[in-house]
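Colleague: Mind walking me through this one? I'd like to go element by element, then look at the ligand.

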Amino acid sequence: MAAIEKRSRHEWQELDKEHHLHPFTNHKELHKKRSRIITRADGVYIYDIDGNRFLDGMSGLWCVNAGYGRDELVDAATQQMHELPYYNNFFQCSHPPAIELAAALEEISQPQFRRVFFAGSGSESNDTIVRMVRTYWDLLGQPQRHTIISRKNAYHGSTVAAASLSGMKPMHRQSGLPIPGIVHVEQPYWFGSDRSMSPGKFGVAAARSIEDKINEIGSDKVAAFIGEPIQGAGGVIIPPASYWPEVQRICDEYGILLISDEVITGFGRLGEWFGADYFGIRPDFMPFAKGVTSGYLPLGGVFISDRVADVLIDKGGEFFHGYTYSGHPAACAVALANVRLLQREGLIERVRDDIGPYLQKGWQSLAEHPLVGEARMTGLMGALELVRSKQPVERFDEKQGAGTICRDALIDNGLVLRAVGDTIICAPPFTLTHEEADELIGIAWKCLDLTQQALDA
Ligand code: PXG
């Protein structure tokens, strides 16, 4: 028997308004408009309660990489929930789904990663890392190595530590963040700069802002650097090719731990298993979540390199940290089925060699539109920069809300993309067909026209 009642759109909206507070939402605005009630999904499409169909160009929230309606993921959860719906990994217990998944993750990751710690989300994973990084340096007799360097406009989650790692000022303004010992340096956002440097030089300069910060604080006080291989929530900021090699050089030179936040880029979004593989870096930690289960159940975790894990295990005694749902059996079973599905269907190779290049070509064609100052996409992760003038580049006044106008037009025309300011971002499922990619590009072009008309009116 279904646990969820059948109700009308109006009833759902009323109940939602009365009882449900939403994440990252201005509720006064929401209550004027009412929520869009999504009831089902299949393939790359989601459907609202009125039967309207939308191409989900964001894979939910960057997570439904294998697409909707995957019976093998549902079956893995069902079977596991019949067998053992819950047990924990505390108190010297373990269970097959967590063990099997940990071993499978070792197979697909770089050789320094042999161990994984499970959490329930990306935010929790980053909280775990803050604890582990500082414990690691304590155990090595360097407790003064406390500071973690992150970047402005980074997104690492919403718990107290993860929001502190995030570099978003409006988040920090609410509730006195960041916590002590977390500092933020420049992001490698070339289009957002004055563009006076070549992208190559700019990439090196952005990386050197880490080195400047290390020298300012004192290299003996810096514990780690954290970055998303490509910033997602910040607006799909694809760093120049010169950036990550220079970051790696700096971390190596000063002995600082490198954390590659793979919550979005992990599990194939860039056409490699991890963003670190794509950019050729060798991190000490990789937090993951989202795509590990294609979003079918919540699961997060952290890959921990031998450099760190060996110290924690050999010298650390008990690590006083863990979550009730660390390694939830059903979530782990779904993750394992999802990893096998990605492998069996060659979906990551498909992102690298087929649908990735195909969508990138279409996306690039949008750069010919008068509103688009830059179109960029790596793997299946892209952005359009909306501009008032292309030559010289002039951005819109924030108050004009160009990005929001465009986002609303897209949704009205059956395509879900997101707006981050005047940057339109895209991250569709890996199963997107060529026809669906054509549909996505066609709707995007039409909505750029509609946006232009609305701004001219
Ligand atoms: N790291 C990165 C790189 C993320 O993108 C998190 C950590 C936190 O994960 P959890 O599972 O705790 O949400 C994220 C999450 C957006 C948006 O608007 C992005 C995320 C979450 C919610 C909204 O683009 N990313």
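Colleague: Let's start with α12: what covers its buried residues?

Modeller: First, a bit of background: this is a predicted model, where local features need pLDDT of at least 70, side-chain atom pairs count only at pLDDT 80 or more, and totals for chains, interfaces and linings use all residues. Residues are numbered from 1 along each chain as its sequence is written, and side-chain values use heavy atoms, with hydrogens and water left out. In α12 (residues 306-315; helices are DSSP runs of H or I with at least four residues, strands are E runs with at least two, numbered from the N terminus), the buried residues are Asp-306, Val-308, Ala-309, Val-311 and Leu-312, buried meaning under 20% relative accessible area and exposed over 50%, partly exposed in between, with a 1.4 Å probe and protein chains only. Going by contact (heavy atoms within 4.5 Å), their cover includes β4 (113-119), α6 (122-139), β8 (257-260), β9 (285-288) and β10 (300-305).

Colleague: And which residue just after α12 takes a positive phi?

Modeller: Look right past the end of α12. With a phi of about 65 degrees, that's Gly-317.

Colleague: On α4, which elements do the buried residues pack against?

Modeller: The buried ones in α4 are Leu-73, Ala-76, Ala-77 and Gln-80. They span an arc of only 95 degrees around the axis (taken from the directions from the axis to the C-beta atoms), so they sit on the same side of α4. The face turned away from them carries exposed Asp-71, Gln-79 and His-82. The buried residues themselves pack against α5 (96-108) and α13 (329-344).

Colleague: Is Gly-235 buried or exposed?

Modeller: Gly-235 lies in the loop between β7 (222-227) and α10 (243-254). Leaving out residues up to four places away in sequence, Gly-235 touches Arg-376, Ala-383, Val-420, Thr-423 and Ile-425. Its relative accessible area is 2%, so Gly-235 is buried.

Colleague: Now the ligand: how much of its area does the protein bury?

Modeller: Among the polar contacts (N or O pairs within 3.5 Å), a side-chain atom of Ser-123 is 2.5 Å from a ligand oxygen, and a side-chain atom of Asp-261 is 2.8 Å from a ligand nitrogen. Taken alone, the ligand exposes 540 Å² (Shrake-Rupley method, 1.4 Å probe), and the protein buries 84%.

Colleague: Which element gives the most to the shell around the ligand?

Modeller: Both α3 (59-62) and α6 supply at least two residues of that shell. With three residues, the one giving the most is α6.

Notes. Polar contact = N/O pair within 3.5 Å; in protein donor to acceptor, adjacent residues only side chain to side chain.
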